[in-house]
Amino acid sequence: ELNIIRIKGSDTMLLLNKKLAEKFMRKHKGISVYVEGGSTGKGIESLLNNTVEISAASRPLEPEEIREMGEKFGTVGMSFLVARDALSIFVNANNPVKNLSIEQLADIFLCRITNWESIGGRNAPIQARSRSSVSGTHLYFTKHILKGDTICSAIPIANTTREIITFVQQNLNSIG
């Protein structure tokens with residue numbers, strides 16, 4: 001179907017991609033652009049499976065992904081930088097802890113700090129949430145905040161950024 005463009009990938013880029021798709025469709029009547037999140041990894045997988053035309057990635061391709069792309073299509077395609085990613089850490093608005101060092105943040109997600117009291121908050125367990133390991137956000141966080149360590153397995157996974165925001169808004173002792 002020549003009049004359909006499918007984009008899948010990074011949840012971080014989802015809202016931006018939807019706005020870009022709307023603007024594109026206004027200028028190009030007769031072309032429909034469908035945008036879906038899921039994760040950078042799922043977007044690349046969908047591109048490799050020929051179920052999308054564009055993969056939205058919030059991280060560089062891994063060597064294995066580049067190899068697969070080259071083998072399957074005879075090219076690694078083209079990439080365009082459309083935005084710079086930023087990492088946001090959310091705590092509930094009513095949490096008295098307003099500032100964390102990188103070390104404290106890492107210790108929370110490595111389960112070395114498990115109570116807000118030890119970092120200046122109330123005596124309450126920290127309820128942390130993380131993005132899934134296939135998300136670009138997760139990879140950025142583990143590389144730059146955890147210095148390559150793995151997020152503690154006791155911390156539940158959220159599939160989307162929106163899930164983390166909602167959880168943090170609804171839980172006084174949360175961070176995500």
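## The second largest pocket

Ile89, Phe90, Val91, Val97, Lys98, Asn99, Leu100, Ser101, Ile102 and Leu105 line the second largest pocket. Keep in mind that this is a predicted model. The pocket comes out at a volume of about 170 Å³. Sort its lining by class and you get seven nonpolar, two polar and one charged residues.

One of the lining residues, Leu105, turns up again among the buried residues of helix H4. More on that helix further down.

## One small-print cavity

What about closed space inside the protein? Rolling a probe the size of a water molecule over the atoms shows where empty space is left. Here the count comes to one cavity of 30 Å³ or more, and the largest cavity has a volume of about 40 Å³.

Its walls come from Asp85, Ala86, Leu87, Gly136, Thr137 and Tyr140. By class, that lining has three nonpolar, two polar and one charged residues.

## Gly136, a cavity-lining residue

Gly136 sits in helix H5. With a relative accessible area of 4%, under the 20% cut-off, Gly136 is therefore buried. Setting aside neighbours within four places in sequence, Gly136 is in contact with Thr40, Ser58 and Arg59.

How far apart in space are Gly136 and Ala57, C-alpha to C-alpha? The two are 79 residues apart in sequence, yet 7.4 Å apart in space.

## Helix H1 and its two sides

Helix H1 covers residues 14–27, which makes 14 residues. From first C-alpha to last it reaches 20 Å, close to the 20 Å expected at 1.5 Å a residue. Its buried residues are Leu14, Asn17 and Ala21. Looking down the axis of H1, these buried residues fall within an arc of 60°, so they line one face of the helix.

Which strands do the buried residues of H1 pack against? The partners are strand E1 (4–9), strand E2 (32–36) and strand E3 (54–56). Flip to the face of H1 turned away from the buried side and you meet the exposed residues Leu15, Lys19, Arg26 and Lys27.

## Helix H4 and what follows

For H4, the buried residues are Leu105, Ala106, Ile108 and Phe109. Down the axis of H4 they fall within an arc of 160°, so they line one face of this helix too. They pack against a mix of elements: strand E4 (127–128), strand E5 (130–131), helix H5 (136–144) and strand E7 (174–175). Helix H5 is also where Gly136 is placed.

Just after H4, check the backbone at Cys111, which takes a positive phi of about 60°.

## Two loop residues

Is Asn95 buried or exposed? Asn95 belongs to the loop between helix H3 (63–73) and helix H4 (102–109). Its relative accessibility is 1%, so Asn95 counts as buried, the cut-off being under 20%. Not counting residues up to four places away in sequence, Asn95 touches Trp116, Arg122, Leu172 and Ser174.

Now for Pro60, in the loop between E3 and H3. At 67% relative accessibility, Pro60 is over the 50% cut-off and so counts as exposed. Pro60 and Lys72 are twelve residues apart along the chain, and their C-alpha atoms are separated by 19 Å.

Definitions and conventions: Residues numbered from 1 in each chain as written. Predicted model: local features only at pLDDT ≥ 70, side-chain atom pairs only at ≥ 80, totals over all residues. Heavy atoms only, no water. Helix = DSSP H or I, 4+ residues; strand = E, 2+ residues; numbered from the N terminus. Expected span 1.5 Å × (residues − 1). Buried < 20%, exposed > 50% of the residue type's maximum accessible area, 1.4 Å probe, protein only. Arc of directions from axis to C-beta. Contact = heavy atoms within 4.5 Å. 1 Å grid on protein atoms, 1.4 Å probe; cavity = no way out; pocket = protein on both sides within 12 Å on 5 of 7 lines; lining within 4 Å. Points joined across faces, edges and corners; volume = space filled by probe spheres on them. Nonpolar A, V, L, I, M, F, W, Y, C, P; charged D, E, K, R; others polar.
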